[in-house]
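Good morning, colleagues. Please have the sequence and the structure open before you while I take you through them.

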Amino acid sequence: MSDGIHAIVMPKWGLAMTEGMVAEWTIEPGAAFSRGDEIADIETAKITNALEASTSGIMRRLVVEPDEMVPVGTLLAVAADETVSDDAIDAFVSDFQANFVVEETEEDSGPAFEHVTLSDGRNIRFLRQGAGGGPTLVMVHGFGGDLNSWMFNQPVLSEQFEVIALDLPGHGGSSKDVGGGDVAAMSQAVLDFLDAADIASAHIVGHSLGGACALHLALTKPERVASATLICPAGLAPEINMTFINGFIEARRPRQLRAALELLFHEPGLVSREMIDDVLKFKRIDGVPEALKAIAEAAFAGGRQSHVMVEKLSELEVPIQIILGASDQIVPVLEALETRAGVTVHRLEGSGHTAHMEAPGKVNALIADFVVAASG
Amino acid sequence: MAKKSVRQAINEALASEMRRDPRVVIMGEDIAGGMGAPGEDDAWGGPLGVTKGLLGEFGRDRVLDTPITESAFIGAAAGAAATGLRPVAELMFVDFMGVCFDQIYNQAAKFRYMFGGKAVTPLVVRTMYGAGLRAASQHSQCLYPMFTHIPGLKVVIPSSAYEAKGLLIQAIRDDDPVVFFEHKAMYDEEEEVPDEAYTIPFGEANITREGDDVTVVAFGRMVQFANQAADKLAKEGITCTVIDPRTTSPLDEDTILEEVAATGRLVVVDEASPRCNMATDISALVAQRAFSALKAPVRMVTPPHTPVPFAADLEDLYIPGPAQIEQAIREVAA
């Protein structure tokens with residue numbers, strides 16, 4: 001960025017992403033946009049999703065054509081206000097491109113997965129991005145997910161904070177022993193992780209089952225939780241969509257799994273073939289089917305959530321915000337959650353159960369602002 | 001997840017199952033020391049290094065170098081399987097099946113049936129197949145149709161490193177004799193493969209491309225060529241569903257029939273000699289059970305009915321490639 005000129009570059013969504021293409025520009029040159037507005041559809045090997053603006057501005061130049069595969073970090077477009085001359089934009093573009101170096105692939109550099117051993121011997125995989133010294137965020141995914149669930153969030157938030165995304169037991173690269181398998185057992189694992197990773201306290205961001213863990217931790221170990229952001233959280237109401245849970249567990253074919261995964265999204269087109277393949281690959285790993293079943297039986301026994309903590313929101317000692325997807329089909333979109341001054345609730349239209357993936361720009365901004373405020 | 005070669009993926013599958021189950025033993029020519037090597041330190045790990053390192057971890061009791069007598073060690077492996085071990089025998093080239101075929105097709109394949117279901121034969125025969133390495137006509141064939149023909153055998157043809165690891169672990173845990181085909185030109189091909197053990201069920205085809213116009217069924221190394229052809233044609237607006245059946249026995253007939261019903265057009269790609277191969281088998285299946293869905297004649301992409309040539313130019317011409325597949329798709333889509 002220089003003199004009010006803002007570079008919009010190919011984002012890096014997940015460690016494995018090295019290139020992507022603009023499938024379509026959804027903004028015209030010359031148009032004004034605000035932080036969080038969708039400006040392009042980006043297609044990668046794994047997923048197609050909207051690129052949301054991280055600042056406000058006027059779109060002055062679209063640098064890449066649609067359907068051109070370019071490396072991560074490539075200049076896609078230039079934003080600036082109307083006082084900046086076209087010559088200055090030209091100079092910015094040529095300067096950027098002259099100095100642009102394609103990032104090395106993951107094998108050679110950049111962040112890598114880490115592992116810690118919990119006191120009970122289980123192994124937890126995590127990914128740490130961003131610099132220490134300031135607030136630390138710990139991100140906890142939901143049932144059947146893994147740390148890659150945060151691919152649209154962790155890279156952006158790590159520009160501002162140290163951000164650690166972990167794999168819950170039974171998921172991703174962590175041990176497949178889920179212990180008791182319920183919300184208490186899962187949040188105990190997160191607590192054990194904080195101990196093992198030597199994190200005194202963190203801003204916990206949890207999605208779905210991970211949201212229930214974050215809430216459980218905030219209630220039981222408030223001294224370890226600087227703030228909690230619950231995204232489409234479980235743990236607030238007894239209802240849970242067992243068509244999704246059972247469909248996810250039982251699906252062996254891509255078509256069956258697609259039907260289950262589409263329930264997660266407001267826009268079912270976000271379910272890509274690669275996403276389906278990744279989940280099928282996860283479910284084939286030794287111990288995973290048993291782990292998923294154990295969690296479902298403990299946390300969602302009889303088709304109801306075992307841990308319902310909505311009444312306890314008023315007892316919370318730590319700042320908490322709840323982000324709901326207005327078209328969530330997995331957990332109920334509750335009304336009147338603002339039972340206490342410390343609880344902030346946002347309902348995002350156009351998002352299903354995965355608001356952090358469907359509206360990453362908005363969710364990232366909400367998390368960043370909330371963490372900054374809570375860090376006082 | 002790291003990128004691993006087909007060679008590493010197979011090695012990991014063997015190591016992981018040997019750690020998990022002490023009954024798993026491996027045997028074959030040169031898989032331990034071999035080649036007159038003096039000791040454990042310079043173990044070759046087979047002619048292409050697939051079993052390298054296993055001798056050091058598991059020792060001579062479980063990593064058995066055999067004499068160059070396929071009839072003896074394949075027979076020994078079948079007997080060991082019938083009496084409590086879970087052997088993985090390496091038949092260096094599938095072209096050598098001729099000298100040990102009785103042990104496979106008339107012994108191992110029949111035990112369960114002949115003993116009224118009271119015997120199981122958890123035997124895996126790993127074997128190298130395929131053209132492309134200038135190994136001439138006696139070391140380059142794709143003989144999986146001959147094993148597919150035999151009731152009682154399961155036949156697996158992995159198409160990539162990820163597929164190889166999951167399918168081999170599944171094969172080792174299976175209680176029936178499995179013949180596992182490794183394409184000799186694919187050992188260095190890499191893709192992301194999980195470190196953990198995982199299994200891919202037999203008889204469940206993988207759909208590697210989804211499209212509306214033509215269904216392409218391909219086996220083993222031909223899957224990547226079919227994908228390449230499909231990707232190229234997709235840019236012109238001809239979209240293909242590409243099916244990798246993964247196993248020829250059991251065969252996922254339902255997926256093939258469903259996808260042919262959806263597109264109405266079929267191309268089958270098979271590196272095996274064209275008479276009585278998987279291409280003719282799939283074509284007959286579709287002709288019998290999905291004829292009314294067909295909008296165009298079925299096309300088969302195969303090599304010519306000749307021995308695999310040794311001359312490099314001729315061998316290159318012999319092997320079906322993306323260009324022939326693309327042409328066949330264009331013809332049925334026209």
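A:Arg252, A:Arg253, B:Glu204 and B:Asp252 are joined in a network of salt bridges. I should say at once that we are looking at a predicted model. The network belongs to a broader pattern, since the rule finds 9 salt bridges across the interface of chain B and chain A. Another charged pair to inspect is A:Arg258 with B:Glu210, whose side chains meet in a salt bridge at 3.7 Å, N to O. Chain B and chain A also share 10 residue pairs in polar contact, counted with both residues at pLDDT 80 or more. On the side of chain B that touches chain A, at least two residues each are supplied by α7 (161-173), β9 (206-209) and α9 (253-263) of chain B. The largest share of that side comes from α9(B), with 3 residues.

How much area do chain B and chain A bury between them? The value is about 1500 Å², and 31% of it lies on carbon and sulfur atoms. Within chain B, the residues that lose the most area to chain A are B:Tyr162, B:Glu196 and B:Glu204, which together make up 30% of what that side buries. B:Glu204 was also a member of the network with which I began. In residue terms, the contact takes 23 residues from chain B and 16 residues from chain A.

Let me now turn to salt bridges in the structure as a whole. A search over all chains finds 40 of them. I have selected three within chain B.

The first pair I would show is B:Asp21 with B:Arg23, whose side chains meet at 2.9 Å, N to O. B:Asp21 has a relative accessible area of 9% and is therefore buried, being under the 20% limit. B:Arg23, by contrast, has a relative accessible area of 40%, so it counts as partly exposed.

Next, B:Asp176 forms a salt bridge with B:Arg112, and the closest N and O atoms are 2.7 Å apart. This pair links distant parts of the chain: B:Asp176 sits in the loop between α7 and β7 of chain B, B:Arg112 sits in helix α5 (residues 111-114) of chain B, and 64 residues separate them. B:Asp176 is buried, with a relative accessible area of 15%, while B:Arg112 is partly exposed, at 34%.

Finally, B:Arg246 and B:Glu163 form a salt bridge in which the closest N and O atoms are 2.6 Å apart. B:Arg246 lies in the loop between β11 (240-244) and β12 (247-249) of chain B, and B:Glu163 lies in helix α7 of chain B, so this salt bridge ties together parts that are 83 residues apart in sequence. Are these two residues buried or exposed? Both B:Arg246 and B:Glu163 are buried.

I move on to a strand of chain B. Why can strand β5 (residues 124-129) of chain B be described as largely enclosed by the rest of the structure? The reason is that 6 of its 6 residues are buried. B:Val124, B:Arg126 and B:Met128 point one way from β5(B), and B:Val125, B:Thr127 and B:Tyr129 point the other way, with all of them buried. As for its partners, β5(B) is joined to strand β4 (residues 86-93) of chain B by 5 bridges, and these two strands run parallel. Here B:Val88 stands opposite B:Val124. β5(B) also pairs in the parallel sense with strand β7 (residues 178-183) of chain B, over 6 bridges. In that pairing, B:Arg126 has B:Phe180 as its bridge partner.

To conclude, two helices of chain A. Helix α4 (residues 209-220) of chain A has 12 residues and reaches 16 Å from its first C-alpha to its last, close to the 16 Å expected at 1.5 Å a residue. α4(A) is mostly covered, with 10 of its 12 residues buried, among them A:Cys213 and A:His216. The elements that cover its buried residues include β11 (136-140), α3 (183-196), β13 (202-207), β14 (225-231), α8 (288-299) and β15 (320-325) of chain A.

Helix α10 (residues 360-375) of chain A has 16 residues, which should span 22 Å at 1.5 Å a residue, and its end C-alpha atoms are indeed 22 Å apart. Its buried residues include A:Pro360, A:Asn364, A:Ile367 and A:Phe370. After α10(A) comes A:Gly376, which has a positive phi, near 50°.

Notes: Residues numbered from 1 in each chain as written. Chains lettered and ligands numbered in written order. Predicted model: local features only at pLDDT ≥ 70, side-chain atom pairs only at ≥ 80, totals over all residues. Heavy atoms only, no water. Buried < 20%, exposed > 50% of the residue type's maximum accessible area, 1.4 Å probe, protein only. Helix = DSSP H or I, 4+ residues; strand = E, 2+ residues; numbered from the N terminus. Pairing = 2+ DSSP bridges. Expected span 1.5 Å × (residues − 1). Contact = heavy atoms within 4.5 Å. Buried area = accessible area lost by both parts, 1.4 Å probe. Salt bridge = Lys/Arg side-chain N within 4 Å of Asp/Glu carboxyl O. Polar contact = N/O pair within 3.5 Å; in protein donor to acceptor, adjacent residues only side chain to side chain.
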